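The following exercises concern helix packing, the chain interface, salt bridges and backbone geometry. Each task is followed by a solution in steps.

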There are 2 protein chains.
Amino acid sequence: MSIIKPSTIAGVMELLPEEQFVFNKIKKIIENTFEENGFVSIETPLIEKDDILFAKGAGETEKQIFRIESDTKKMSLRYDLTVPLARYVSQHFSDLTFPFKRYQIGKVYRGERNQKGRYKEFYQCDIDIIGKDTLSILNDASLPYVIYNVFKKLNFEEVTFHVNNRKLLNGFFESLGIEKYSDVLRIIDKLAKIGKENTKKELLEYGLSIDVVNEILLFISNDLNNKDLLNELSLKNKNGLYNEGLNELEKVYYYMLEFGIPEKNIKLDLSITRGLDYYTSTVYETMLNGYEEIGSVCSGGRYENLAENFSNQKLPGVGMSIGLTRLFYQLENLKLTDKFMENQINALFIPMSDEYNFYSIEGLNSLRKNKIKADIYLEGGKAKKKFNYANKINAKYSIIVGEEEFKNKKFSVKNMENGEQITIDKADLVEFIKNNL
Amino acid sequence: MSIIKPSTIAGVMELLPEEQFVFNKIKKIIENTFEENGFVSIETPLIEKDDILFAKGAGETEKQIFRIESDTKKMSLRYDLTVPLARYVSQHFSDLTFPFKRYQIGKVYRGERNQKGRYKEFYQCDIDIIGKDTLSILNDASLPYVIYNVFKKLNFEEVTFHVNNRKLLNGFFESLGIEKYSDVLRIIDKLAKIGKENTKKELLEYGLSIDVVNEILLFISNDLNNKDLLNELSLKNKNGLYNEGLNELEKVYYYMLEFGIPEKNIKLDLSITRGLDYYTSTVYETMLNGYEEIGSVCSGGRYENLAENFSNQKLPGVGMSIGLTRLFYQLENLKLTDKFMENQINALFIPMSDEYNFYSIEGLNSLRKNKIKADIYLEGGKAKKKFNYANKINAKYSIIVGEEEFKNKKFSVKNMENGEQITIDKADLVEFIKNNL
């Protein structure tokens, strides 16, 4: 028979079991933290109707869609979790309780060009709070607190939340006589990437006067601490939009502190714009201190109306999203995933011959009943091959069962890390393993 | 703006949050049990190359494939987890440890006709053990033990494993002079569905003599207990294949007992064939006692060579699979999912006005630190609306914070199930909630 070379499609992440274990562990931490903070899980199909996916137009993303061949209804793989959320909330509106706090962790699909760290299939981990008609601005402070807890549990205590408010920015632009806020936002959004000088150049090319450009750059790149910045901003009193944004930003900041995010982990940052997105008020980016080069690991913001294409009901919301696949790739590259490794098997029973299988299974069952991850090697063969297996699966202990052990109701327990071996009574096995994990 | 009616594609399961909670709980039980028994997780992409998916031909399934539009390499959504496993093991062969015990829980896609309880997108939960060159038959006993534990944790202690061996059956057919075992297997496979008389008719129509048909029906439908059946089978000594199969079946049976499956939960059943599949030795089906009408909830068996299309390496294996989406549908229909419901929020803080938010958040943080699922209602509005929310999200306690509570450092705790309300000191809150969950 001719052999087909086994391979995945290009641009997807497929992990070996040791890596997958760490990936799953991180995913579970995210999931548990979302649940502990009152978010409920939903799961939408990976395939959605094109009518739904492109109701708003997907912009650049539309070229990257994975479309399903179909003679009838056109459909495609989802490219984010926000459009499906909008569809879900509209469709099940009367069965949901508002504010609706939902999380969804799932794969999304985009035909990204093949490039390191860019994936065609990747996990997004989203939390959103959706209000009916209105939604208190205080929710915008509770979200980063959830994300703070996620990264704390992942041992990244040193994370910085960059927070801004688009109303504040737009009010400021308005006061400068700028008409199309979004164009300016888009240019400013690149500041961190292209630097101050290039941003200045682009703003001038766009047609703003040098005075206006200087004022913008001064405004967005100041280095004051949070409280001083708020003070300074409050002295300006530009216009209604500006004041509304400032008031929101202030509330979000003080409530973030109150929820328990330390002052040092918050940076009110007027240069954060999330330029291409649909946010209308609060916007966030999250940086891992010392690893700023990998960019924002969790972004989001507030939007005025989630589902205007699917519902006449006004549904304001606020959301944040972790791109888990990319984050994992980056953490692995930085060798930051090793600390999540652990023994997947604590004790492997190795019967020296088949006649000791039943006795070994007795021992196995006693460990498993005590929630100790244990297994048994059931293949025949030489002792060397058996220990080799124990080593490769990274078992903490091998429990050897031969004639002596069987006759005397004993187990020989070998520590696979230091090679030490002792023989103990059958009745003492559970206690011994428990005490030595 | 014109509104698009929000809807999913046809034939997919989308759940409300309360149902999703139960679904996730069942999925987690399956996942944890797989891990506790030494299976490691892998995750393969949902999209595979058509070369890979159809290397063996997918038979009837090929018509049901969701294909991705593509100008270059042809690709489709996976329709099971076995072909991706074969591809994964072959591709990563040198990085894996054998026997390779892997689990995968993931969605697969088949264009089933729209019909109740049939889904186009559904979860499979697979465990397989793959050997290099050889794999001990004893593994065939360890798998059902894992599945037994899954159903025990799901409160279905009364589950019956129907176990058979294809070598035994084929050896028996050989002794009757039947040439194409697979045709006969396919007819016998329908026994439970179409009954004895119809099976008889089909076997006769296929061209077997009445004597042969009677002998087959007698053989496959006896009602002996397991030990008596094995005894009777051992008296027959038909031929090499028959004896090999009998010997394997015996070993699997005694080791299933030894691993801890009670005798009453095992039925050696010579009528189980898994007729259309690629199994070559042990085959299983699993029934929930009292709910036999829903069919097998977990099936599987042993195959001689997992990946002959992708590798020259011989890879024998044994696997079992739970179709979770269909199982959930059935359990929900039978009202058997209610027992998994629980309060997703134990305590909801309700500040009577914004000025008590900070004090409420203090209380909230103290509960969360103690792993109590708590949340806060941050929207304004009337008290009635707030309690209504607490009711709807099914919070166990509402913790009311008004002027009196704030001034006196108290919390008023209302049990939402019986309406009882008491006022306690702030310092006693954690203990009180802990003791009354």
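A crossing of two helices is called right-handed if the near helix is turned clockwise from the far one by less than a right angle, and left-handed if it is turned anticlockwise. The model examined here is predicted.

**Exercise 1. Describe how α1(A) packs against α11(A), covering angle, handedness and the residues in contact.**

Step 1. The axes of α1(A) and helix α11 (residues 324-333) of chain A are 11 Å apart, and the helices pack at an angle of about 125 degrees.

Step 2. Angles under 35 degrees count as roughly parallel, over 145 as roughly antiparallel and 65 to 115 as roughly perpendicular, with the rest oblique. The helices α1(A) and α11(A) are therefore oblique to each other.

Step 3. The crossing of α1(A) and α11(A) is right-handed.

Step 4. On α1(A), the contact involves A:Glu19, A:Val22, A:Phe23, A:Ile26, A:Lys27 and A:Ile30; they meet A:Leu324, A:Thr325, A:Phe328, A:Leu331 and A:Glu332 in α11(A). The classes represented in this contact are seven nonpolar, one polar and three charged residues.

**Exercise 2. Carry out the analysis for α1(B) and α11(B).**

Step 1. In chain B, the axes of helix α1 (residues 17-36) and helix α11 (residues 324-333) come within 11 Å and cross at roughly 125 degrees. This angle makes α1(B) oblique to α11(B).

Step 2. The crossing of α1(B) and α11(B) is right-handed.

Step 3. From α1(B), the contact draws on B:Glu19, B:Val22, B:Phe23, B:Ile26, B:Lys27 and B:Ile30, and from α11(B) on B:Leu324, B:Thr325, B:Phe328, B:Leu331 and B:Glu332. Seven of the residues in this contact are nonpolar, one is polar and three are charged.

**Exercise 3. Determine the relative direction of α7(A) and α8(A), and list the residues through which they meet.**

Step 1. Helix α7 (residues 191-206) and helix α8 (residues 210-220) of chain A have axes 8 Å apart and pack at an angle of about 160 degrees. That angle makes α7(A) roughly antiparallel to α8(A).

Step 2. The crossing of α7(A) and α8(A) is right-handed.

Step 3. The residues A:Leu191, A:Lys196, A:Thr199, A:Lys200, A:Leu203 and A:Leu204 in α7(A) meet A:Ile210, A:Val213, A:Asn214, A:Ile216, A:Leu217 and A:Ile220 in α8(A). Eight residues of this contact are nonpolar, two are polar and two are charged.

**Exercise 4. Characterise the interface between chain A and chain B.**

Step 1. The size of an interface is often given as the accessible area lost when the parts come together. For chain B and chain A, the buried area is about 8,400 Å², with 56% of it on carbon and sulfur atoms.

Step 2. In chain B, 92 residues are in contact with 92 residues of chain A.

Step 3. The two chains share 10 salt bridges. In the salt bridge of A:Lys28 with B:Glu35, the closest N and O atoms are 3.5 Å apart.

**Exercise 5. How many salt bridges are there over all chains, and which parts of chain A does the pair A:Lys153 and A:Glu36 tie together?**

Step 1. Over all chains, the whole structure holds 52 salt bridges.

Step 2. A:Lys153 forms a salt bridge with A:Glu36, with the closest N and O atoms 2.7 Å apart. Since A:Lys153 lies in helix α4 (residues 139-153) and A:Glu36 in helix α1 (residues 17-36) of chain A, the pair ties together parts that are 117 residues apart in sequence.

**Exercise 6. Locate the cis peptide bonds that precede A:Pro99 and B:Pro99, and the positive phi of A:Asp133.**

Step 1. Most residues other than glycine have a negative phi, and most peptide bonds are trans.

Step 2. The peptide bond from A:Phe98 to A:Pro99 is cis, with omega near 0 degrees; A:Pro99 is in the loop between α3 (82-91) and β5 (100-109) of chain A.

Step 3. In chain B, the bond from B:Phe98 to B:Pro99 is cis, with omega near 0 degrees, and B:Pro99 is in the loop between α3 (82-91) and β5 (100-109).

Step 4. A:Asp133 is not a glycine, yet has a positive phi of about 70 degrees. A:Asp133 is placed in the loop between β6 (121-130) and α4 of chain A.

Key: Residues are numbered from 1 along each chain as its sequence is written. Chains are lettered from A and ligands numbered from 1 in the order in which they are written. This is a predicted model: local features need pLDDT of at least 70, side-chain atom pairs count only at pLDDT 80 or more; totals for chains, interfaces and linings use all residues. Side-chain values use heavy atoms; hydrogens and water are left out. Axes are lines fitted to C-alpha atoms, for helices over the stretch in contact, and angles run from 0 to 180 degrees between N-to-C directions. Helices (H or I, at least four residues) and strands (E, at least two) are DSSP runs, numbered from the N terminus. Contact means heavy atoms within 4.5 Å. Ala, Val, Leu, Ile, Met, Phe, Trp, Tyr, Cys and Pro count as nonpolar, Asp, Glu, Lys and Arg as charged, and the others, Gly among them, as polar. Buried area is the accessible area (1.4 Å probe) that two parts lose on being put together, summed over both. A salt bridge is a side-chain nitrogen of Lys or Arg within 4 Å of a carboxyl oxygen of Asp or Glu.
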